[in-house]
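Me: I should like a close look at the charged side-chain contacts in this structure. Please describe where the pairs sit and how accessible they are, and then carry the account on to the ligand site.

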Amino acid sequence: MKILFATSELAPWVKTGGLGDVAGALPAALRKLGMDVRVLVPAYPEMLEGFPDAEEIARPLELGGLLPTPTLRQALSPDGTPLLLLDYPPYFNRPGNPYLGPEGRDWLDNHLRFGLLSRVAAWLGSEASTLDWQPDIVHCHDWQTGLAPAYLHYLPGRRARSLLTVHNLAFQGLFDHASLFELGLPDAAWGIDGVEYYGYLSFLKAGLKHANAITTVSPGYAREIQTDEEGMGMAGLLRHRTEQLSGILNGIDDKAWNPATDRHLHQTYSARRLEDKAINKAELQRQLGLEQRRDIPLLGVVSRLTEQKGLDLLLEVTSQALDLPAQLVVLGSGTHALEQDYAALARKHPGQCAVAVGFDEALAHRIEAGADIFVMPSRFEPCGLNQMYSLRYGTPPVVRATGGLADTVIDAADEKLGNGFVFGTATADALLQALQRATTAWRDAKGWRALQKRGMARKSGWAEAARQYVELYQRL
Ligand code: ADP
């Protein structure tokens, strides 16, 4: 089968979160199962630098509305996946993040930028395409390509089937009515059965409405988003489409995230040489100016600093958590307020709490390896990658029972299967209690080792997820 992956992020070149990781790893896993997958991604500066020789293979004309004529360039990623770079420099050859300008505000023409990406994905899946490669399925990801299933719906002739994977329902791609015309969508698309969402045009709603199937990145999240509490305004539509909605748990890149071979670590280790993990803790303490103590547990956080991740809850109880006693290291970037609050926290507790504001891949690996306990108190979590990394690194996670966290972490109360600590309500108290349980358990060396090993033994690559996607493609 021929599958077109349409994505706005592609690790390792362009990534702001889990979507980039998935787009960077899943295509290769699918190709191993015999799928002919190609990836359509905007030609951001990082892509043009990475693939300076990418050759022009098509110029999709007359895309409608105010959409320009871009150039499609072909390249081959190092893992053997063919890439289609959507080149239109006025839209994509810009500094910074795919979505935000240098001041941290959304680019004003995001509807046109990701409208073009969606429209070209649909063009490739339609009879209008001039390529000699036509996908059976256009696999879209999040609101950024959510318009592709709608375009496919309104295009004439033989068309590919479509699948929309929701990595995060919170981002819905809302734009005003005028963008309907600018994007070349028919007037008939305006309405509850089309792309309209309460007076706005929503890319995500368009995808949820028109895709032939919908997946989310964990079974738990697929259930939760059909409830009014967690459905972010889309629950009704999702319940309506429940037959076409399923959850497939993400894998992780188990080559990049393997403590036995990780180049970023001071000392590699494995389940059989767990004592070497302590060398990473000592080195992390030294690097971050924490007291060199082996007798108290080190709590670790790697996260976007946003309300979604529940890190305001951790802020509320940090003093009590440090008194357990414990040390804390936080790596993250996000809202200005949380960045400031965490930086202030580190100043207040020198030697006991260290905070690095920013995005730092190497440090993320060193924290996963050097911390004793990983903390991830998310309010909602479509899948979550960091808890899976921490399981693999023998750093049992403390998580809230939500979405993918609940699907991957089993509370230590289960003596046979437990691999971490799970709490229920999103309150600072509940988090503190879970941290108490974790730090107490850490003092029982033998029990702790068993907990670590169960997490490290968990199957974590992409093979299982890829198998489930292939099954879904075949059904489609
Ligand atoms: P989300 O996609 O919601 O941000 P995930 O846990 O699914 O959360 O994925 C986050 C990814 O981004 C992981 O690969 C994680 O290691 C990485 N990450 C997040 N914040 C940072 C940071 N400040 N520095 C380095 N890596 C980070």
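**Salt bridges and the ligand site**

Reply: In this predicted model, a salt bridge joins the side chains of Asp193 and Lys209, with an N to O distance of 3.3 Å. The two residues are 16 apart and belong to distant parts of the chain: Asp193 lies in the loop between helix H6 (179-182) and strand S9 (196-197), and Lys209 lies in helix H7 (residues 203-210). Asp193 counts as exposed because its relative accessibility is 56%, whereas Lys209, at 22%, counts as partly exposed.

A second salt bridge has another setting. The side chains of Asp109 and Arg94 meet at 2.6 Å, N to O. Asp109 and Arg94 are 15 residues apart, and this pair also links distant parts of the chain, although both partners are placed in the loop between helix H3 (89-92) and helix H4 (110-124). Here Asp109 and Arg94 are both buried.

A third pair is formed by Asp295 and Arg293, whose side chains make a salt bridge of 2.9 Å, N to O. Asp295 has a relative accessibility of 41% and therefore counts as partly exposed; Arg293 is partly exposed too, with a relative accessible area of 30%. Elsewhere, Arg31, Asp36 and Arg38 are joined into one network by salt bridges that share partners. Over the whole structure, the search finds 18 salt bridges.

Charged side chains also matter for a description of the ligand site. The ligand is surrounded by 18 residues, the closest being Gly18, Arg304, Lys309, Gly358 and Leu385. Five residues of this shell are charged, seven are polar and six are nonpolar. Lys309 places a polar side-chain atom 2.8 Å from an oxygen atom of the ligand, and Asp21 has a polar side-chain atom 3.1 Å from a ligand oxygen atom. With Asp360 the contact is through the backbone: an N or O atom lies 3.0 Å from a nitrogen atom of the ligand. On its own the ligand has 560 Å² of accessible area, and the protein covers 93% of that area. Two or more shell residues come from each of helix H1 (18-32), strand S13 (298-305), strand S14 (327-334) and helix H14 (386-392). Of these, S13 provides the largest share, three residues. Both domains take part, since domain 1 (2-251 + 463-475) and domain 2 (271-456) each give at least three residues to the shell.

Terms used. Residues numbered from 1 in each chain as written. Predicted model: local features only at pLDDT ≥ 70, side-chain atom pairs only at ≥ 80, totals over all residues. Heavy atoms only, no water. Salt bridge = Lys/Arg side-chain N within 4 Å of Asp/Glu carboxyl O. Helix = DSSP H or I, 4+ residues; strand = E, 2+ residues; numbered from the N terminus. Buried < 20%, exposed > 50% of the residue type's maximum accessible area, 1.4 Å probe, protein only. Near = heavy atom within 4 Å. Polar contact = N/O pair within 3.5 Å; in protein donor to acceptor, adjacent residues only side chain to side chain. Areas by Shrake-Rupley, 256 points an atom, 1.4 Å probe, with all protein chains shown as cover. Nonpolar A, V, L, I, M, F, W, Y, C, P; charged D, E, K, R; others polar. Domains from an automatic or database assignment.
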